[in-house]
Amino acid sequence: LPEGWSRDTDAGDYDTEVYAPGGDVEAAGCFVSLQEDYAGYDAFSGIENSTDELVEVVGGYLEEEGLSAEVSAYGDTCLGTAILSVMEIEEEGTTAVFHIYWVFSDSYMYRITAVAVGDTTENPFAVAEGILQNGQVPN
C-alpha cells in the first residue's frame, strides 16, 4: 500500500477488508477493498482460455443486480485471470467511480474494488492495479 494507507476497521466485514488513506474511507473519499471466496477445488481450472465467457458472466451478474457497467477482459495477473468492470454512480451531484476487478484462479475468486468519490486526490485504481501486479495483499 502507498504510504499513509491502512485498514479501515470500521468498514468492511468478516469477508471484506477495506483500505484507505489514513485508514478512514469517509475522510479520504476513496478506498480499495479485497474479498476472497473459495469456490471449490479446481472450480475455475482452465478459465484462462475463456475470458470472453467470463466477461459475459460478470456483465450478466451486474445487469441482474441492476447495475450498468462497462465490462472487459483485464488479462492475466499474478492472482489469476481478471475481468474489469467500470461504472460511475452519481448521487446528489457527486460522482463515484468504481473499478471492480474479478479475478479467477483454480479454486478461488477474488474481488478487488477501487472507488474514488468526488474530487479525491488519491488514486485507488493504481493501488488496486499494484495488488494485481505483485499479489501482495496487506495483512
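**Close-up views of a seven-stranded sheet**

**View 1. Pairing of strands E1 and E2**. Opposite Ser6, in E2, stands Ala20. The model is predicted, and local features are given only at pLDDT of at least 70, side-chain atom pairs only at pLDDT 80 or more, while totals for chains, interfaces and linings use all residues. Residues are numbered from 1 along each chain as its sequence is written, and side-chain values use heavy atoms, leaving out hydrogens and water. Strand E1 covers residues 5-7 and pairs with E2 in the antiparallel sense over three bridges. Two strands count as paired if DSSP finds at least two bridges between them. Strands (E, at least two residues) and helices (H or I, at least four residues) are DSSP runs, numbered from the N terminus.

**View 2. Strand E2 and its surroundings**. Of the six residues in E2 (residues 16-21), five are buried, so the strand is largely enclosed by the rest of the structure. Buried means under 20% relative accessible area and exposed over 50%, with partly exposed in between (1.4 Å probe, protein chains only). On its E3 side, E2 runs antiparallel to that strand (residues 30-38) and is joined to it by four bridges.

**View 3. Val18 in strand E2**. Val18 has a relative accessible area of 6% and is buried. Its bridge partner in E3 is Ser33. Leaving aside residues up to four places away in sequence, Val18 touches Ser6, Arg7, Asp8, Ala11, Gly12, Val25, Phe31, Val32 and Ser33; contact means heavy atoms within 4.5 Å. Tyr74 lies 56 residues from Val18 in sequence, and their C-alpha atoms are 22 Å apart.

**View 4. The open sheet and its edges**. Seven strands, paired antiparallel, form the sheet in the order E1-E2-E3-E7-E6-E5-E4. E1 and E4 (70-76) stand at the edges with a single partner strand each, so one side of each has no neighbour in the sheet. From one strand to the next, the twist averages 20°. Angles run from 0 to 180 degrees between N-to-C directions, and axes are lines fitted to C-alpha atoms, for helices over the stretch in contact. E4 is joined by six bridges to strand E5 (residues 81-91), and the two run antiparallel. Within this pair, Gly75 has Ala82 of E5 as its bridge partner.

**View 5. Helices H2 and H3 on the strands**. Helix H2 (residues 51-64) lies across E4, E5 and strand E6 (94-104), at about 25° to E5. Helix H3 (residues 124-134) lies across E1, E3, E4, E6 and strand E7 (108-117), and runs at about 160° to E7.

**View 6. Cys30 and Cys78**. Cys30 counts as buried at 1% relative accessibility, whereas Cys78, with a relative accessible area of 46%, is partly exposed. With a disulfide taken as a pair of cysteine sulfur atoms within 2.5 Å, the count of disulfides is zero.

**View 7. The whole chain, for orientation.** The chain has three helices and seven strands, in the order β-β-α-β-α-β-β-β-β-α from the N terminus. Its radius of gyration is 15 Å, close to the 14 Å of the globule rule for 139 residues, so the chain is as compact as a globular protein of that length. This radius is taken over C-alpha atoms, and the rule is 2.2 Å times the number of residues to the power 0.38. Along the principal axes, the C-alpha atoms fill a box of roughly 40 × 35 × 25 Å. Buried residues make up 40% of the 139 residues.
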